[in-house]
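The following account leads through selected features of a single model. Please keep the sequence and the structure in view while reading.

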Amino acid sequence: MGNLLATKPLHLLMEEARETGEHSLKRTLGVFQLTALGVGAIIGAGIFVLSGLGAHYAGPGLMLSFVLSGMGCAFAGLCYAEFAAMIPLAGSAYTYAYATLGEIFAWIIGWDLTLEYAMGASTVSSGWSNHFIELLEILHIKMPLWLAYDHWTGLRAAENIIARQMAQASDSSLVPGTQAFLAKVSAIMAAQSPELMQPLW
């Protein structure tokens, strides 16, 4: 148990950072690459649709919600600035945890950071691929659902398309995009009628 909570002194961390040779890790990412990685994982593709999604939930208070989110990001940035000032080494919260809390906490935080960047990269790639598919649709190039999405997303997209067509066919007075139209589409999808599933077979 003592080994799991063992901390690494600052002078040892500094010595390991200066090590070279076959038993040391080579630093290949520079300031520009790390900044691009962080900005790409944070901003991603969601910034282009975030205002519309936020307006759906926050309504007129959208700008206030952005201010509150910005304050949270600023406090997180100040925390990381404190980490960097206390231990002037690359390694983010992992190095700080190793020097102050112990090896087990550093291990947990290190894998959390790995998971964060993996999920961030997958989310960004999914968002950009969706934007690319929408661009192709503007250019009248139809990408098949089985090629554009995973199985479950493609199934939901197909059901949504069919439900919209059924809603328009049932009542021509419904205007796409209105609350009444969306309520009708939601009711059709919730009913899971055989007509909804038939074109998918």
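How many disulfides does the structure hold? The model, which is a predicted one, holds 0 disulfides. Two cysteines may be examined in this context. Cysteine 73 has a relative accessible area of 57% and is exposed, because the cut-off for that class is over 50%. Cysteine 79, at 40% relative accessibility, counts as partly exposed.

The helix α4, which spans residues 62-86, offers a starting point for the packing of helices. Its partner here is α5, residues 92-100. The axes of α4 and α5 lie 10 Å apart, and the two helices pack at an angle of about 55°. An angle of about 55° falls outside the ranges for roughly parallel, under 35 degrees, and roughly perpendicular, 65 to 115; α4 and α5 are therefore oblique to each other. The crossing in which α4 passes α5 is left-handed. On the α4 side, the residues in contact are Tyr80, Phe83 and Met86, and these meet Ser92, Ala93 and Tyr96 of α5. Sorted by class, this contact of α4 with α5 comprises 5 nonpolar residues and 1 polar residue, with no charged residues.

Further along the chain, attention turns to a loop. Histidine 140 is placed in the loop between α6 (103-138) and α7 (145-148). The phi of histidine 140 is near 60°, a positive value in a residue other than glycine. Most residues other than glycine have a negative phi. The relative accessibility of histidine 140 is 76%, so this residue counts as exposed.

A second helix pair completes the picture. Helix α8 covers residues 151-170 and helix α9 covers residues 179-191; their axes are 9 Å apart, and the packing angle is about 120°. That angle makes α8 oblique to α9, since it lies above the 65 to 115 range for roughly perpendicular and is not over 145, the limit for roughly antiparallel. The crossing of α8 and α9 is right-handed. From α8, the contact draws on Arg156, Glu159, Asn160, Ala163, Arg164, Met166, Ala167, Gln168 and Ser170. These residues meet Phe181, Leu182, Lys184, Val185, Ile188 and Met189 in α9. By class, the contact of α8 with α9 has 8 nonpolar, 3 polar and 4 charged residues.

The two pairs may finally be set side by side. The crossing is left-handed for α4 and α5, whereas for α8 and α9 it is right-handed. Charged residues are absent from the contact of α4 with α5, while the contact of α8 with α9 has 4.

Definitions and conventions: Residues are numbered from 1 along each chain as its sequence is written. This is a predicted model: local features need pLDDT of at least 70, side-chain atom pairs count only at pLDDT 80 or more; totals for chains, interfaces and linings use all residues. Side-chain values use heavy atoms; hydrogens and water are left out. Axes are lines fitted to C-alpha atoms, for helices over the stretch in contact, and angles run from 0 to 180 degrees between N-to-C directions. Helices (H or I, at least four residues) and strands (E, at least two) are DSSP runs, numbered from the N terminus. A crossing is left-handed if the near helix is turned anticlockwise from the far one by less than a right angle, and right-handed if clockwise. Contact means heavy atoms within 4.5 Å. Ala, Val, Leu, Ile, Met, Phe, Trp, Tyr, Cys and Pro count as nonpolar, Asp, Glu, Lys and Arg as charged, and the others, Gly among them, as polar. Buried means under 20% relative accessible area, exposed over 50%, partly exposed in between (1.4 Å probe, protein chains only). A disulfide is a pair of cysteine sulfur atoms within 2.5 Å.
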